[in-house]
Amino acid sequence: MELPQYIRSIIKQLNSAGYQAYVVGGSVRDALLGKKPHDFDVTTDARPEQIINLFDHTAPTGIKHGTVTVLSEQPVEVTTFRTESQYHDHRHPDHVAFVSNLKEDLARRDFTVNAMAYHPQSGLIDPFGGQEDLKKKQIRCVGDPRQRFEEDALRLMRAHRFAAQLDFTIEEETAKAIEECANTICYVSVERIREELFKILRYNAYEIENMTKLLSNWMPELETCKACEQNTPWHNANVLHHILASVTYLNPFDETLALTLLCHDLGKPACKTTVDGIDHFKGHPLVSAQIAKRICRDLKCTRRQQEVIPLLVRYHDVKMKDPLGVVFRFRVQYQWDDERMQQLLEVKRCDLMAHSEFGRRSLRLLDRLKEVYQECLEQRPMTLQELAIDGSDVSRAGFQGKEIRNVLQNCLEYCFYHPDQNNREFLLPYIEQDPWKLSS
């Protein structure tokens with residue numbers, strides 16, 4: 001394992017003072033997988049106060065639990081070997097005891113692939129078979145999996161996140177323990193749930209199929225979507241698989257759009273009807289938007305996400321046969337900005353890519369819509385600021401208050417379809433005479 005010089009220096013300084021010191025955790029795992037580690041953590045039998053005395057520049061970032069950050073070329077967390085006990089809140093240990101044995105420290109960790117240590121001279125220390133689990137491509141708890149999850153319920157999410165991140169499966173006994181301990185997920189803050197959820201969607205959205213029960217407090221619809229088949233030429237998978245497939249087409253990944261896609265068809269089971277053997281889901285965008293609004297609120301998403309995601313879900317299935325009309329509707333009538341319009345186009349692309357081969361034929365309509373939208377950006381006014389007149393002009397024509405914006409909006413709607421008339425020579429006489437004629 002190649003270590004940066006600043007990590008070697010920290011280990012050497014601890015060793016020179018008579019202490020054990022090892023690189024531990026994710027960096028060891030990544031190195032064994034042939035990936036270049038970016039973050040390095042060091043574990044040692046030196047106590048926090050001894051670590052502080054050994055290095056010139058430190059910060060007591062987690063000193064209660066034995067962690068001191070050494071401010072080297074990059075900040076490095078150096079943590080004392082410890083054991084933990086009594087997790088009354090299923091998240092944090094009530095008691096932490098510093099120990100001198102590395103194996104005791106590794107035994108408290110979550111998964112075998114994260115419970116390995118490395119020293120430049122003595123090599124790999126792997127008492128729980130992490131290297132073998134890497135070869136098997138499996139996530140397995142250290143020791144008793146039920147105990148690991150009872151100690152810290154966040155590990156329930158982390159198991160799935162590592163499975164998604166590494167493209168591994170969860171070992172049978174570990175998976176069984178996750179199911180048995182799923183009710184303890186309520187002890188985890190929703191902020192941490194959201195953080196892990198976004199990581200899973202980023203790495204491999206299909207992992208969500210294995211955790212519908214775990215997420216049922218926030219998204220019970222995932223389970224019903226998993227059981228909801230779509231017997232229609234437009235689809236070749238159940239609702240949940242289609243939803244997750246759509247997320248995988250996001251490029252680049254975007255948290256707001258990922259959650260939009262995760263929610264976009266959640267209302268389908270409630271809207272399903274079958275006629276002559278063909279399933280229909282009339283009205284599902286509106287139902288899905290209501291579900292998305294609740295999920296965004298319950299996950300404590302940003303205010304912007306709580307505003308945008310339900311809207312994108314509501315209109316993700318908008319028809320595209322009249323592309324100019326679509327642009328007019330959203331940019332001019334609804335007054336969406338370019339960012340939101342681009343988001344809608346991307347959601348539609350990902351959604352259509354996750355359809356059957358027959359369903360993907362609508363991609364040509366989307367391509368045409370994009371072409372028309374680009375032409376509109378270059379040739380047609382879509383905001384009040386792009387009009388040849390402004391509020392002062394309308395005010396001088398005798399309009400006041402809200403009337404001014406109404407007149408300008410009316411002018412914009414007219415000039416969108418008649419861009420050659422977007423000039424002062426045309427618009428000033430018209431608002432002087434009767435501005436409402438512009439809509440005819």
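Which residue of E5 stands opposite Val-42? In this predicted model, that spot is taken by Val-78. The two residues belong to a parallel pairing, with E2 and strand E5 (residues 75–80) joined over three bridges. For anyone new to sheets, strands pair through backbone hydrogen bonds, and they can do so in a parallel or an antiparallel way.

E2 has another partner too. Strand E1 (residues 21–24) lines up with strand E2 (residues 41–44) in the antiparallel sense, and four bridges hold this pairing. Here Ala-21 sits opposite Thr-44 of E2.

Zooming out, these strands are part of an open sheet of seven, and reading across it gives the order E3-E4-E5-E2-E1-E8-E9, with mixed pairing. The edges are strand E3 (58–62) and strand E9 (123–125), each of which pairs on one side only. The sheet isn't flat-out aligned either: on average, neighbouring strands are turned by 35° against each other, ignoring direction. At the E3 edge, E3 runs antiparallel to strand E4 (residues 67–71), and three bridges join them. One of the matched pairs there is Thr-58 with its bridge partner Val-70 in E4.

Now for a helix. H16 (residues 323–333) is mostly covered up, with eight of its eleven residues buried. Among them are Pro-323, Gly-325, Val-326 and Val-327, and Phe-328, Phe-330, Arg-331 and Val-332 are buried as well. What do the buried residues of H16 pack against? They pack against three helices: H17 (338–353), H18 (363–379) and H20 (402–417). After H16 comes Gln-335, which has a positive phi, near 60°.

Terms used: Residues are numbered from 1 along each chain as its sequence is written. This is a predicted model: local features need pLDDT of at least 70, side-chain atom pairs count only at pLDDT 80 or more; totals for chains, interfaces and linings use all residues. Side-chain values use heavy atoms; hydrogens and water are left out. Buried means under 20% relative accessible area, exposed over 50%, partly exposed in between (1.4 Å probe, protein chains only). Contact means heavy atoms within 4.5 Å. Two strands pair if DSSP finds at least two bridges between them. Axes are lines fitted to C-alpha atoms, for helices over the stretch in contact, and angles run from 0 to 180 degrees between N-to-C directions.
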